[in-house]
Amino acid sequence: MPAETRLFLCRSDNYGVLLHDPQSGATAAIDAPEAAPIEAALKETGWKLTDILVTHHHADHTDGIEALKAKYNCRVVAPAAEAAKIPAVDETVREGDTVKVGNLSANVIETPGHTLGHIAYWFHADKLAFVGDTLFSIGCGRVIEGTPPQMWQSLLKLRDLPDDTEIYCGHEYTAANIKFALTIEPDNPALTARDAQAREQIAEKQPTIPTTIGDEKLANPFLRADRPEVAADIGMAGKPAAEVFTEIRARKNRF
Ligand SMILES: [Zn+2]
């Protein structure tokens, strides 16, 4: 039976998401930005929380863990490199490890850059990836602890996932990301189409995610730093992709 998901907003622009295995009844929260909206989503779905899968240590991804753990006694899985900064961790994971949620199975992908221990969870059979603050729709996370070349390598790992992989990210930043992306590739038809689609989604108060790897490859400038036309667009024709990425990320920081 295929996995089911439930997406909802937490705090101001964080996404909470529940992943449910209908066969076993297991349910994971991916990160825990805030306990109350997660509890509300559990109530609405009738699902019982069994696991919390943490992508990185930032408070807006972990503040709800202790309250949820106290109430549901769920297992907390966290990146090994950041476990000391995350409350109530039961199990730590690294690159290549497998995490089970009932019968659902995820591969752990280390994606350092935003934070040094950041990980993503890829449920390959269900074509789902939970990428935290590494990849956003038409954007990527700020490079806070790592280096831009390291972030570029992390994004390449996610870009290598199958095109039909659905991507759940940690924030609703799509509108602002598109505004910036249009300064890099104003004539990219996939980007202008995504702009129109996102405007519609936002007007209808719908989330702009999940997105897919295939769509992001076509329109997200941060996944396109090795495209000759992108380098040319920003006056860096012939430069290495990591340098082009670094420049695009620096421009976004100033935007
Ligand atoms: Zn973060």
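Which residue in β13 is the bridge partner of Phe130? The partner is Tyr168, and this pair makes a good way into the structure, which is a predicted model.

## The six-stranded sheet

Phe130 sits in β10, and the pairing of β10 with β13 is parallel, running over 4 bridges. Both strands belong to an open sheet of 6 strands, ordered β7-β8-β9-β10-β13-β14, in which the pairing is mixed. At the edges of this sheet stand β7 (98-101) and β14, each with a single partner strand, so each has one side left without a neighbour in the sheet.

A word of background helps here. Strands of a sheet pair through backbone hydrogen bonds, in either a parallel or an antiparallel sense.

## A cavity lined by the paired strands

Phe130 and Tyr168 turn up again in the lining of the largest cavity. The count of cavities of 30 Å³ or more comes to 1, and the largest cavity holds about 60 Å³ of space. Its lining is made up of Tyr15, Val17, Ile30, Asp31, Thr55, His61, Phe130, Val131, Gly132, Tyr168, Cys169 and Gly170. Three elements give two or more residues each to this lining, namely β2 (14-20), β10 (128-132) and β13 (166-169).

Which element gives the most to the lining? That is β10, with 3 residues. Sorted by class, the lining of the largest cavity has 7 nonpolar, 4 polar and 1 charged residues.

## The largest pocket

The largest pocket has a volume of about 240 Å³. Of the 15 residues that line this pocket, those nearest its centre are Cys140, Arg142, Tyr173, Arg249 and Lys252. Here the elements giving two or more residues to the lining are helices α5 (174-184) and α9 (241-254), and α9 gives the most, with 3 residues.

How many charged residues does the lining of the largest pocket have? There are 4, alongside 6 nonpolar and 5 polar ones.

## The zinc site

Let us turn to the metal. The zinc ion is coordinated through NE2 of His56, ND1 of His58, NE2 of His114 and OD of Asp133, at 2.2 to 2.3 Å. Along the sequence, these donor residues follow the spacing H-x1-H-x55-H-x18-D. Of the donors, His56 and His58 are both buried.

Why is the arrangement around the zinc ion irregular? The 4 donor atoms subtend angles of 88 to 171°, and a tetrahedral assignment would need all angles to lie between 85 and 135 degrees. For reference, the ideal angle for four tetrahedral donors is 109.5 degrees.

## Around β5

Is β5 (75-79) largely enclosed or open? The answer is enclosed: 4 of its 5 residues are buried, so the rest of the structure largely encloses the strand. β5 pairs with β4 (residues 51-53) through 3 bridges, running parallel, and Ile52 stands opposite Val76 in this pairing. β5 also pairs with β6 in the parallel sense, over 3 bridges; there, Ala78 has Thr92 as its bridge partner.

Two loops next to β5 carry unusual backbone angles. In the loop between α3 (65-72) and β5, Asn73 has a positive phi of about 50° although it is not a glycine. In the loop between β5 and β6 (91-93), Ala88 likewise has a positive phi, of about 60°, without being a glycine. Are these residues buried or exposed? Asn73 is exposed, with a relative accessible area of 62%, whereas Ala88 is partly exposed, at 32%.

## A hairpin and a cis peptide

Strand β1 (residues 4-10) and β2 are joined by 7 bridges and run antiparallel. Within this pairing, Glu4 of β1 has His20 of β2 as its bridge partner. The hairpin they form has 3 residues between the strands, and Arg11 there takes a positive phi near 50°.

One last backbone detail is worth a look. The peptide bond from Ile209 to Pro210 is cis, with omega near 5°. Pro210 lies in the loop between α6 (189-203) and β14 (211-212), and β14 is one of the edge strands of the open sheet described above.

How values were computed:
Residues are numbered from 1 along each chain as its sequence is written. This is a predicted model: local features need pLDDT of at least 70, side-chain atom pairs count only at pLDDT 80 or more; totals for chains, interfaces and linings use all residues. Side-chain values use heavy atoms; hydrogens and water are left out. On a 1 Å grid over the protein atoms alone, a cavity is a set of points where a 1.4 Å probe fits but cannot get out, and a pocket is an open set with protein on both sides within 12 Å along at least five of seven lines; lining residues have an atom within 4 Å of a point. Grid points are joined across faces, edges and corners, and a volume is the space filled by probe spheres set on the points. Ala, Val, Leu, Ile, Met, Phe, Trp, Tyr, Cys and Pro count as nonpolar, Asp, Glu, Lys and Arg as charged, and the others, Gly among them, as polar. Donors are N, O and S atoms within 2.8 Å of the metal (3.2 Å for Na, K and Ca); water is not among the atoms, so sites may look incomplete. Four donors count as tetrahedral if all angles lie between 85 and 135 degrees; four count as square planar and six as octahedral if opposite donors are over 155 degrees apart and all others between 65 and 115; anything else is irregular. Buried means under 20% relative accessible area, exposed over 50%, partly exposed in between (1.4 Å probe, protein chains only). Two strands pair if DSSP finds at least two bridges between them.
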